[in-house]
Each structure stands twice: as C-alpha cells, then as structure tokens.
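Reader: I would like to go through this model with you and ask how each label was earned. Could you show it to me before we start?

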Amino acid sequence: MAAQIDGVFESGLQQKIKESKVLVVGAGGIGCEILKNLVLTGFQDIEIIDLDTIDVSNLNRQFLFHKEHVGKSKANVARESALTFNPNAKIKAYHDSITTNNYGVNFFQRFSIVLNALDNRAARSHVNRLCLTADVPLIESGTAGYNGQVELIKRGLTTCYECFPQPAQKTFPGCTIRNTPSEPIHCIVWAKHLFNQLFGESNEDEDVSPDTADPEAGANVGQAALEKDANEKGNVDRVNTRAWAKQCEYDPEKIFNKLFYDDINYLLSMSNLWKNRNPPKPAKWDTLQVAADAVTEDSVARDQKVLSTPETVKVFAESIKALEVAFTKLPEGDHLVWDKDDKDAMDFVAACANIRAQIFDIPRKSRFEIKSMAGNIIPAIATTNAITAGIVVMRAFRVLQHEFEKCKTVYVRLRVNPRNQFIVPDTTIIPPNPKCYVCAAKPEVVLKVDTKKLTVRELRDDILIKALNMVSPDVTLDGMNSIVISSEEGETDCNNSKTLEEMKIVDGCILKVDDFLQNYELSITVLHKDPGREEVPFEIVADPESLKPKEEESAPTAAPPVDDAQPSTSKGLNGSSSNGKNTVAKQIEDDDDDDLCIVEEEEDIVDKPSTSKASATPGKSVEKRKHAPEEDEPALKKAKVSSQPLEDDDDLVILD
C-alpha cells in the first residue's frame, strides 16, 4: 500500500494516513471507488455504511460487486472485496441507514473525516447537519453522466450542503394528475400512484380516481356517470382501490375497464373541464384485444420502442398478474415497493402511463424513456465515478494536513475548456451563506401555507421531514409552550388530524422546531395564504428579509456592480441560485448515487468576478449554529461574491 512505502508521501502525510479514521457513507458507484482508493492508498481504519443491496443493474459500474453477490449487502460485500487488496486494513461495514438514531453526533465525532457518496438528498442533508454539529470535515461528491463534482464542507469556512438549496422535486396538483393530464410525466406519476394503490404503500393523497373536488369541474359533477350502469356495478363508487381489486381477484380486464373506460366517462361528465381542452377518449378492453401476441420478446429492443396499444395492453395484463403473485406472498399488512429495476413493476407503470397518455392524446414514450422519467435517473458513467472518487481521496489528503484553503471545489466536465482542462478547480473557497436555514447563527425560515387546511400530520410528514429533511422533529408553539408535535411515539397522535388553525397556529405565529437526533433547531414563522389551483400547497422561504414590501427597499440610483447582481436566497427550497450570466440549467433529481445538479455557463467571461456560487461576503467568517453570538450574525440581505479577477475562465455554477 502506498502509505507503507517510504517516499511516496511526505512523512507528515504518511503518518496522518496511517492514524486517521475515515467514514464512507454510501457503497454505490462512487462509494466503491472511494473505498478501493482508500485501501490502496494505505488508510488503515475505515468504516462504511449503506442500507442497499446489490442489484444486477449495479454490476456495470460498481466493480467491487460480481454476479454471485446479487441480493447481498453492498456495505458487507464492498468490505470483503476491498480486503482482498489489503488484508491488513481494518474495515467495518454497516448494513444500515445513516439516518437512524444509531448514528448521532457522538458517532460522527469518532472520525477524522467523512466522505459522502450518497444516493438521495435527504440523507445528504442529514449527514451535512451531523458533520456541522460534530465539527468533522465532510467531503461531498456526486456525478451525473460525464459531469462530476467534489467539494469540502467545513463548519465556519465553507458553504454547507444546504446553504443554497436546490428546488424540491417538482410536484403537480392532484387534480391535474387525476383529471387533466397534459404531459407524459403526468401520466407516469399517475401510474406510480396506481401501483401504490394496488400493491404498494397506500396514500390518500395519491388517489387515482377522478377528483370531484377539482375547482374547475363546477357543481354537481359526475352526475351523468353516476346514473349509468357502470355505477350500479360498483365501478365508479368511491371504494378503496385495493379492496376493489382484491374482490375482482386482480382481473386485468375489470381493472382496465374501471380505470380507462368507466373513470374516463366519469371525467367526461365533468363538462366544465373540457370547455378549453380536448376531451379524453375512453378505451375498452374488448376493442383492444387484437394482435396482442405481437409483443417484441427481445427485452432490449422492446425497451427502445413505443409499443402499439394492443402490445401495451398485453404487458399491462401480464404485469398485473405477476405483481399479484408477488403481493399475495407477502405477510399480512406488508406491501410491495416500486423499483425502477423491478421488471414487473416497471412494465406495469410503463403500460399504464402509455394507455392513459393515448386516452388523453399525449405523446407516448418507450419503456426506456419512462424508466428514466419515473426513476429520475441519469446514466451513470463508470469513468466519471472513478475520476471523482480519485479527487475525493486527494482532497482528503489536504484535509488531513489542515490545508483547507487548498480544498476548492472541483468540477469534472465532459469537454475541455479553452485552457484545455476537463478537471476544473474553483477559483476561491465560498464562505457560508449567512441566511442559510441550517448553518446560520440563528436558523429560520418562513412557511407560507393555508393554515385552515394543512393538518399537523402534513406539517410533520410533508414539510418537516420531506421538505426540510428532518428525522424526528419536536415542535412547540412559541409563546404558548404548547407541544404540537412530539418525537415520542404516541404522545401527540391526537393532534395529527387537526388543522394548524385548530391548533391556534395562524398567520404570524412562530414554531420552534428541534430535531434531537440531528442536534438541529429551526424557527418557523407561519404566514397564511390561500393557494390557487395550480399553486404548490406550501412554500418555504429561507430569507425572511425578502418578504418585506418592495417600497421598503431603497431604489438603486445607478447600475449595480457585478458583485450585487446576485440573487436573493429567499427562494429557499422553492428557488435556486443564479449568477446573472446566461446559463443553461440541467436539473437532475437525487435518486441515483451518482447525481448532482449543474448549471453550465454558455459564455466564459474572463474580466468578470468569479460567481461559481452565490455566496456570503468573502472574508466574513460566519460561525455555525450555537457557536456565534447574536451580535455577530450577519445582516446582509443579498449574498455577494469576490470581486477578484478570474484565475480561470471556466467556472461552473453548482447547485448541489
């Protein structure tokens, strides 16, 4: 191993490598490469954690795994494979989730450095918060196709993972999904909801039946359909979808006619919906049973083509029966989990999405395209993973030597820049965002929501856990000391169905939130709003200053300098950072272990200041939460960047 050979590293670094204790979070495409690099470099004490198991689709880029490992723990197999390179290394593997309460601040404080190779935004945010609290350097990494990124997160020195949050995964109004789809993604979301209704974890918000509460539908909607024979057969009554399917013994014909004929006729009876839209065309099982045996047998060829409607109907029928068999084998109360790599689950979603798309005259997609959209995946490139993992370990050398000023963010690009570089370091260390709702001295956000409709359960599940990435939040109403949500099981279950208004949480109220596991506190100011049909149900604003009326802001007397042309960070989870240049954004959701979101500049401008990230004023160090006195809290409304000339003309704007 390199560290065991004198002369490979200078003596100080060589000793630090031997003595350091490293945590690798994630054993996927990047994690496997990082672990291999650590072992070959000579790191002696390594721990790795991953909850996932090995799938056949992993084998083309996760080279510590082989065919005989399919179905086994990624962390355990990665450990075994890495030990073949250096049997003397001490490697401990955890087949577990990093977000459980087994891995708190004390766990993280045991390590010299943490290397992230995670596969989702929530887990990345969780590790980010724990490393900030434990004051342990974190190296975050990600790839998307041929693009890669490696950055250091150090408390008080750099931006954290959540300083400039990316937009949350795009959601759609329920009435659009259920009543008036207009894009392929609407049909795909509906099909995934249907899978959960029939076989998965059922959610009332994912009901696939026509939505009679649609404000566009008008009064007395659906009366025409209710008077037809279909209602007498029970096909359009509001009954539990799974219970009805079980009564039908998951008969493909009955399910097809219910979803694509009876429910569509029910929608047609909502005449107001179709005044300015093309009405859908119901499809019936009997009329589509022609040439159904013509499905392409070769799976690769079939994935790339758009199947005919009869072919799609056959896939629909076969996938339903296969999923029924798998579902009935489960213990009572258990359910299937949708996975893009599960053939039957993917076939079902692709078939349902395309049948619904044809009904609403929406372009149909190939199974491959639907898989990419449904799984939010970007093709993973093994070479990019290897390059990125190599940079991670090289950055770890700098961290161990406390050379943080040399740990600038590094970007991997597909094409070389004008300086003939495809591995491009940033020009400066970006300091923390003083308005960050995680690492600021006093973390706070504004929540704009309909307090008359939002329930306490939705506040906990959709906002605190899903949107703000908490794990076990406790919530109290400031000034009244009333407990709204408790992390103690069962303590506040009686509040779950109550609206915020019923809990006396109205416009202007302040909620104090504390996640004990993350050692994270947040102040939430609630503002009431009446959302429209196409609006999101809530909005989180990370910069309360941005809510002040515009007339309170001083009008500019001259063109602002380039430094001031930075965006407000007020968009929080619902917005994004930009640098005022012409940019082309490429949004990539964090559902794969090799994801990040990159905004690439269209033009390289040498004479303007670096804007690789919207940032706080350089040189003004901001201590993290609970570590800075209140009087030291920065009061800038907008973030600024360095006005120093660019060292390179190839900066990227990274939002991940």
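Author: Gladly. Buried stands for under 20% relative accessible area, exposed for over 50%, and partly exposed for what lies in between. By that cut-off, phenylalanine 9 and phenylalanine 397 are both buried. Please keep in mind that this is a predicted model.

Reader: What makes the pair of phenylalanine 9 and phenylalanine 397 edge-to-face?

Author: Two values are needed, since a pair of aromatic rings is described by the distance of the centres and the angle of the planes. The structure holds 20 aromatic pairs. In this one the ring centres are 5.2 Å apart, and the cut-off for a pair is 6.5 Å. The planes stand at 70 degrees, and edge-to-face begins over 60. The pair is therefore edge-to-face.

Reader: Why is this pair said to tie together parts that are 388 residues apart in sequence?

Author: Because phenylalanine 9 sits in the segment before helix 1 (11-19), while phenylalanine 397 belongs to helix 17 (residues 382-400).

Reader: Which label goes to the pair of phenylalanine 256 and phenylalanine 316, and on what values?

Author: Edge-to-face as well, with 5.7 Å centre to centre and 75 degrees between the planes. This pair links distant parts of the chain, 60 residues apart: phenylalanine 256 is in helix 11 (residues 252-268) and phenylalanine 316 in helix 14. With a relative accessible area of 0%, phenylalanine 256 is buried. Phenylalanine 316 is also at 0%, so it counts as buried. Both residues belong to one aromatic cluster, whose members include Trp190, Tyr250, Trp285 and Phe348.

Reader: How do you know that asparagine 128 is buried?

Author: Its relative accessibility is 0%, and the limit for buried is under 20%, so asparagine 128 meets it. The residue is part of helix 5 (residues 121-134).

Reader: What makes the link between asparagine 128 and glutamate 162 a polar contact?

Author: The two side chains come to 3.1 Å, and the limit for the N or O atoms of a polar contact is 3.5 Å. Beyond its neighbours within four places in sequence, asparagine 128 is in contact with several residues, among them Leu138, Ile153 and Val438.

Reader: Why is aspartate 135 called partly exposed, when lysine 504 is called exposed?

Author: Aspartate 135 has 34% relative accessibility, so it counts as partly exposed. Lysine 504 has a relative accessible area of 55% and is therefore exposed, as the cut-off is over 50%. Aspartate 135 is placed in the loop between helix 5 and strand 5 (138-144), and its phi is near 55 degrees, a positive value in a residue other than glycine. Lysine 504 lies in the loop between strand 11 (482-485) and strand 12 (510-515). Its phi is positive too, at about 65 degrees, although lysine 504 is not a glycine.

Reader: How many cavities are there, and what lines the largest?

Author: There are nine cavities of 30 Å³ or more, and the largest holds about 120 Å³ of space. Residues lining the largest cavity include Arg302, Thr312, Asp347, Asn354 and Arg367. Four of the lining residues are nonpolar, three are polar and five are charged.

Reader: Which helix gives the most to that lining?

Author: Helix 15, with four residues. Helix 14 (309-328) and helix 15 (343-359) each supply at least two residues of the lining.

Technical notes:
Residues numbered from 1 in each chain as written. Predicted model: local features only at pLDDT ≥ 70, side-chain atom pairs only at ≥ 80, totals over all residues. Heavy atoms only, no water. 1 Å grid on protein atoms, 1.4 Å probe; cavity = no way out; pocket = protein on both sides within 12 Å on 5 of 7 lines; lining within 4 Å. Points joined across faces, edges and corners; volume = space filled by probe spheres on them. Nonpolar A, V, L, I, M, F, W, Y, C, P; charged D, E, K, R; others polar. Buried < 20%, exposed > 50% of the residue type's maximum accessible area, 1.4 Å probe, protein only. Polar contact = N/O pair within 3.5 Å; in protein donor to acceptor, adjacent residues only side chain to side chain. Contact = heavy atoms within 4.5 Å. Phe/Tyr/Trp six-rings, centres within 6.5 Å; stacked < 30°, edge-to-face > 60°.
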